[in-house]
Amino acid sequence: MELFINQVLAGISTGAIYACMALAVVMIYQAIDHLNFAQGEMAMFSTFIAYQLLQWGIPYWWTFPLTLIISFAGGIAIERALFKPLGNAPVLVHVAGFIALFAILNSVAGLTWDWTIKQFPTPFGNAPFLGSQLISTHQAGMIGITFILLILLFVFFRFTRVGLAMRAAAALPESAKLVGINVSWMIALGWGMASGIGAIAGILIAPVVFLEPNMMGGVLVYGFASAVLGGLTSPFGAVMGGFLVGVFENLVGTYIPGVGNELKLPIALALIITVLVLRPGGLFGRTFVQRV
Amino acid sequence: MSTMLAIKELRSYYGQVQALHGLELSIREGAVTTLLGANGAGKTTTIRAVCNMVRSTGSIEFEGKSLMGRSTESIVQYGIAHVPQGRGTFTTMTVEENLQLGAITRKDTKAISSDIEKMYAYFPVLKQRHTQQAGTLSGGEQQMLAVARALMLRPRLMLLDEPSFGLAPLIVRDLFGILKKINLEDKVTILVVEQNAQLALELAETAFVIETGRIVMSGNAKEIANNEDIRKSYLGY
């Protein structure tokens, strides 16, 4: 029983990483109706910006908001420079754009900050949390911040007019224009917000996985998986999906013989496919009914 | 009454194909005007051109200000509400969210809530379903929602694209009754594009008949309705 509880706790703490990334995925999906494959690299790049600011001697609690602002502006700049000109091009053209962005950010980060693994500080410390060896204070802090982000996003989409306008612009751009919404800027704002959330995710993840240009490779796959599992339309679902994937992955690795660390990923992904076959909207996503 | 919307020499294109060939149309403030014509005559293109949703040349003036070259979303700010073909319902959102979206450009947040109540008074069925996902409404209910959403702008001019499309005759009568009421009580000028000529001519004061991208006839709606030759050759009833 103790082994079980320990594994669940460990799963929750890795799940927090996935949950954080999944929130950024949901954010961009709400704004542009696609997944952005460069999301992980954008988060990695933001983390390197934070790293650079810290190197220059700027205190952590100044670096944090500063990185957020830079990432937000950077996200908007990327949308304006790269994706707005693509306009109504087919989805595959956008996908090519995402992949290009992925490669560019990865190489530029490697070129600027080299490919060696770097330590990244945590503001929460690394002591055992409430006496548990499995969850550190950093991971507890990460779970806390993920939930704060989740609540902020929920309030933004559900109760603010900008949030409503953003959802409308993503769902039905033409109708959104007819009620007077500036769809183009809504998309840019979505990019900025996703980039900002990605920056938070990166800064929180870096102390765990260490900072290097490829740090987000695995995390983004899990982030996508969590978002799809929980429902791409629901920030709450994305976070729950993140924790579920983390816990499931750990339990399977522990209890099913022969799985171990190597086969954790495929089994977790198999679970996701199963869920999607049975509930295509994700576990927490709203299923939309359409009259025909 | 003064002219609210004046369209002159309007030519519109879908790629290489020209859909309107120098169309001329004017709408008086406070009136209900109808634009009639067969499928493919250019009715939808005309009102899409007003909101700059199709590439056009010529002149479109709203209260003396040119609308040409302005973005769709900025034209809305003049108080022009467009109920598009197919209703443009945000099907994944609730009925109430759809109404709020209609008023998204307005700053007077307090008046918006009272306007939503007013819409529920006009269309009681929307009140019963206000938390329901809009995509689950019937065709008639969605059309009412589309009209209500447009009214949430507090528009000066409302453009309706075939509001009767796909609706049962009784529901169409209801809807046109409400449009008349909106025109009289809320002083909204209305341009309604229709294939259902008979009903549209009852509602409107002025009618325009369009054929292959040109206005071929215009005048008093009653006279057009009573002129058997016109009815037979252009309106098909």
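In the predicted model, four strands of chain B form an open sheet in the order E2-E1-E4-E5. The pairing in this sheet is antiparallel. Strands E2 (17-28) and E5 (65-66) are the edge strands, and each pairs on one side only. Strand E1 (residues 3-14) of chain B is joined to E2(B) by nine bridges. One pairing across these two strands sets Leu10(B) against its bridge partner in E2(B), Leu23(B). Helix H1 (residues 43-50) of chain B packs on the sheet. This helix touches E1, E2 and strand E4 (55-62) of chain B. The direction of H1(B) makes about 70° with that of E2(B).

Chain B also holds an open sheet of six strands, in the order E6-E7-E8-E3-E9-E10. Here the pairing is mixed. Strands E6 and E10 (214-220) of chain B stand at the edges. Each has a single partner strand, so one side of each is left without a neighbour in the sheet. Neighbouring strands of the six-stranded sheet are turned by 15° against each other on average, direction ignored.

Strand E7 (residues 157-161) of chain B has a parallel partner on either hand. Four bridges join E7(B) to strand E6 (residues 80-83), and the two run parallel. Within this pair, Ala81(B) has Met158(B) as its bridge partner, and His82(B) stands opposite Leu159(B). Five bridges link E7(B) to strand E8 (residues 189-194), again in parallel. Leu157(B) has its bridge partner in E8(B) at Thr189(B). Between E7(B) and E8(B) the chain passes through helix H7 (residues 169-185) of chain B. The resulting β-α-β crossover is right-handed.

E7(B) is mostly covered, with five of its five residues buried. In a regular strand, side chains alternate between the two faces of the sheet. Both faces of E7(B) are covered. Leu157(B), Leu159(B) and Asp161(B) are buried on one side. Met158(B) and Leu160(B) are buried on the other.

The edge strand E6 of chain B includes Ile80(B). Is Ile80(B) buried or exposed? Ile80(B) has 26 C-beta neighbours inside 10 Å and therefore counts as buried, the cut-off being 20 or more. Leaving out residues up to four places away in sequence, Ile80(B) touches Cys51(B), Phe62(B), Ile75(B), Pro155(B), Leu157(B) and Leu159(B). Two of these contacts, Leu157(B) and Leu159(B), lie on one side of E7(B). Ile80(B) and Leu151(B) are 71 residues apart in sequence, with their C-alpha atoms 9.9 Å apart in space.

Two packed helices are described by the angle between their axes and the distance between the axes. Helices H3 (95-102) and H6 (residues 139-151) of chain B pack at an angle of about 35°, with axes 7 Å apart. Their crossing is right-handed. From H3(B), Val95(B), Asn98(B), Leu99(B), Leu101(B) and Gly102(B) take part in the contact. From H6(B), the residues are Leu145(B), Ala148(B), Arg149(B) and Ala150(B). The contact divides into six nonpolar residues, two polar and one charged.

H3(B) also takes part in packing against chain A. Seven residues are listed as buried in helix H6 (161-171) of chain A: Leu164(A), Ala165(A), Met166(A), Arg167(A), Ala168(A), Ala169(A) and Ala170(A). The buried residues of H6(A) pack against H3(B), and also against helices H1 (2-32), H5 (137-159), H7 and H8 (183-209) of chain A.

The contact between the chains takes 18 residues from chain A and 21 residues from chain B. On the side of chain A, helices H6 (161-171) and H7 (173-178) are the elements that give two or more residues. H6(A) gives the most, with six residues. The chain A side divides into 10 nonpolar residues, four polar and four charged.

Elsewhere in chain A, Lys84(A) lies in the loop between helix H3 (60-83) and helix H4 (91-113). Lys84(A) counts as partly exposed because it has 14 C-beta neighbours inside 10 Å. Setting aside neighbours within four places in sequence, Lys84(A) is in contact with Glu79(A) and Ser184(A). The C-alpha atoms of Lys84(A) and Ala188(A) are separated by 8.5 Å, although these residues are 104 apart along the chain.

Technical notes:
Residues are numbered from 1 along each chain as its sequence is written. Chains are lettered from A and ligands numbered from 1 in the order in which they are written. This is a predicted model: local features need pLDDT of at least 70, side-chain atom pairs count only at pLDDT 80 or more; totals for chains, interfaces and linings use all residues. Two residues are in contact if their C-beta atoms, placed from the backbone, lie within 7 Å. Ala, Val, Leu, Ile, Met, Phe, Trp, Tyr, Cys and Pro count as nonpolar, Asp, Glu, Lys and Arg as charged, and the others, Gly among them, as polar. A residue is buried if 20 or more other C-beta atoms lie within 10 Å of its own, exposed if 12 or fewer, and partly exposed in between; C-beta atoms are placed from the backbone. Two strands pair if DSSP finds at least two bridges between them. A crossover is right-handed if, with the strands pointing away from the viewer, the path from the first strand over the helix to the second runs clockwise. Axes are lines fitted to C-alpha atoms, for helices over the stretch in contact, and angles run from 0 to 180 degrees between N-to-C directions. A crossing is left-handed if the near helix is turned anticlockwise from the far one by less than a right angle, and right-handed if clockwise.
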